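Student: I'm new to this structure, and I'd like a close look at a single part of it. Could you take me through the second largest pocket and what sits around it?

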Amino acid sequence: MIDTSKYTYKVSAAGRVNLIGEHVDYCGGKVMPCALSLRNTVYVRPNGTDKINLEWTDLPDKVSLELDKLESYKELKHAKYHAGCAHLWREAGHKVVGCDLLLDCTVPFGSGLSSSAAIEVSTIAALATAADEKLDPVEVALVAQKAEQIYAGVKCGIMDQYASANGKAGHAILLDCKTLEREYIPVNLGDCAIVIANCNKPHNLVESKYNERREEVETALTLMKKHFPITCLAELKPYELEEYKSILLPVIHKRAKHVVEECERVRFAAQAMRTGDMAKLGEILNASHESLSTLYEVTGKELDSLAHAAQNHPACLGSRMTGAGFGGCTVSIVKRSGVEEFKKKVADQYEKETGYRPAFYDCEISDGIVVEKL
Ligand code: GLA
């Protein structure tokens with residue numbers, strides 16, 4: 001049991017699963033993530049000093065950050081994120097006060113369920129709470145995204161931090177990443193459930209491959225802008241891209257094709273969610289995976305094997321990788337009555353093919369930032 005008696009607030013933010021709209025947030029597309037009950041929790045109390053003291057429930061480390069040196073902790077292993085968040089939050093014009101923080105994370109690391117976004121968002125929300133500030137979850141998300149870009153070196157879009165901060169229990173967020181307009185769509189899956197499975201293959205080179213994809217789609221945008229009055233790739237229609245296919249290198253065309261088609265899929269998926277058409281939603285998930293595998297090339301052997309094992313199971317309506325890819329999780333829509341058998345069969349098949357045993361997570365769709373007075 002962790003002793004939380006000395007803290008005054010419990011502040012948490014969510015991990016997320018993205019249902020559809022993968023690798024389009026940084027192209028101005030729409031995405032459809034859900035915040036999860038897998039969370040990072042920060043117990044906090046103001047301490048009246050000029051230090052932020054950090055402790056973890058699952059690490060022996062204890063770190064003390066001086067408020068007037070927050071920019072100088074870039075070399076720290078874990079605490080660089082917290083120092084970075086505090087620094088950027090203050091740079092954005094907010095008060096940061098000395099406080100004690102105890103951090104407890106239930107989002108599995110490296111799973112593609114945005115443990116880092118949950119850590120960044122909850123840290124900033126805890127700092128704001130300690131300083132008695134009113135919270136704007138959208139602003140928290142934007143500063144957290146900047147922290148991820150600077151301190152993790154990933155030129156990420158806004159999806160993860162936005163979902164982590166602004167999620168709503170029982171709902172998916174249909175987020176327009178160009179305008180940050182959002183609509184909450186109730187997740188009523190009828191007799192189906194969402195099943196999240198981790199392929200358990202250690203991630204590697206995610207940052208560099210992610211940044212490489214971003215450069216590729218930026219190249220596509222620069223070239224397409226010469227022919228269409230667009231500000232982002234999400235504004236381009238699939239047929240418009242095909243008209244100018246010949247001016248793009250094949251690899252650049254493939255990347256852009258994924259983006260414009262995935263944007264269309266999000267529209268259809270939102271419709272299927274609203275009308276409760278699970279068969280349609282499942283088909284769209286399968287098509288998204290195929291595109292991420294063959295056009296965007298961010299899946300790899302393990303995620304392909306896991307998604308295909310799921311897709312081939314009779315209780316499954318659709319399955320795809322979720323998050324950045326190169327390892328991490330799949331999300332599947334599965335008939336409730338078949339979930340247990342699905343997990344067993346998929347795990348056996350996947351293990352036979354890859355040598356890794358997948359993990360399944362029992363979790364719910366929950367709120368983004370939650371602040372509780374203790
Ligand atoms: C990572 C990034 C997000 C998004 C996804 C892919 O999770 O942090 O911004 O680009 O990959 O959809």
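Tutor: The second largest pocket has a lining of 19 residues, and those nearest its centre are Ala-193, Ile-194, Arg-336, Cys-363 and Glu-364. Keep in mind that this is a predicted model, so everything here is computed from it. The pocket holds about 410 Å³ of space. By class, its lining splits into 14 nonpolar residues, four charged ones and one polar one.

Now for the elements. Strand S9, helix H10 and strand S12 (359-361) each put at least two residues into this lining. S9 is the biggest giver here, with five residues.

S9 is worth following, as it turns up again in the lining of the largest cavity. There, S9 (192-198) is joined by helix H9 (300-311), strand S11 (329-335) and helix H10 (339-354) as elements giving two or more residues. S9 provides the largest share of that lining too, three residues. The full list of cavity-lining residues runs Val-195, Ile-196, Ala-197, Leu-306, Ala-310, Thr-330, Ser-332, Phe-342, Val-346 and Phe-360. Eight of those are nonpolar and two are polar, with no charged residue in the set. The space inside is about 30 Å³, and the count of cavities of 30 Å³ or more comes to one.

Let's stay with S9 for a moment and look at a cysteine in it. The structure has zero disulfides. Cys-192 is in none, and the nearest cysteine sulfur, that of Cys-316, lies 9.2 Å away. A disulfide needs the two sulfur atoms within 2.5 Å, so that pair does not count as one. Is Cys-192 buried or exposed? Its relative accessible area is 0%, so Cys-192 is buried. Elsewhere, Cys-27 is also in no disulfide, with the sulfur of Cys-263 as the nearest cysteine sulfur at 7.1 Å. Cys-27 counts as buried because its relative accessibility is 4%.

Two loop residues deserve a look as well. Leu-180 sits in the loop between strand S7 (171-176) and strand S8 (182-186). Its phi is near 65°, a positive value in a residue other than glycine. Leu-180 has 24% relative accessibility, so it counts as partly exposed. Glu-297 is found in the loop between helix H8 (278-294) and H9, and H9 is one of the elements lining the largest cavity. Glu-297 is not a glycine either, yet its phi is positive, at about 50°. With 36% relative accessibility, Glu-297 counts as partly exposed.

To put your pocket in context, turn to the largest pocket, which has about 1,100 Å³ of space. Its lining takes in 47 residues, and Gly-110, Ser-115, Ser-116, Glu-148 and Glu-207 lie nearest its centre. That lining has 21 nonpolar, 17 polar and nine charged residues. Among the elements supplying at least two residues are helix H1 (79-91), helix H3 (137-152), H4 and helix H5 (206-225), while H2 gives the most, with four residues. Helix H4 (residues 159-166) is mostly covered, as eight of its eight residues are buried; among them are Asp-160, Tyr-162 and Asn-166.

Conventions
Residues numbered from 1 in each chain as written. Predicted model: local features only at pLDDT ≥ 70, side-chain atom pairs only at ≥ 80, totals over all residues. Heavy atoms only, no water. 1 Å grid on protein atoms, 1.4 Å probe; cavity = no way out; pocket = protein on both sides within 12 Å on 5 of 7 lines; lining within 4 Å. Points joined across faces, edges and corners; volume = space filled by probe spheres on them. Nonpolar A, V, L, I, M, F, W, Y, C, P; charged D, E, K, R; others polar. Buried < 20%, exposed > 50% of the residue type's maximum accessible area, 1.4 Å probe, protein only.
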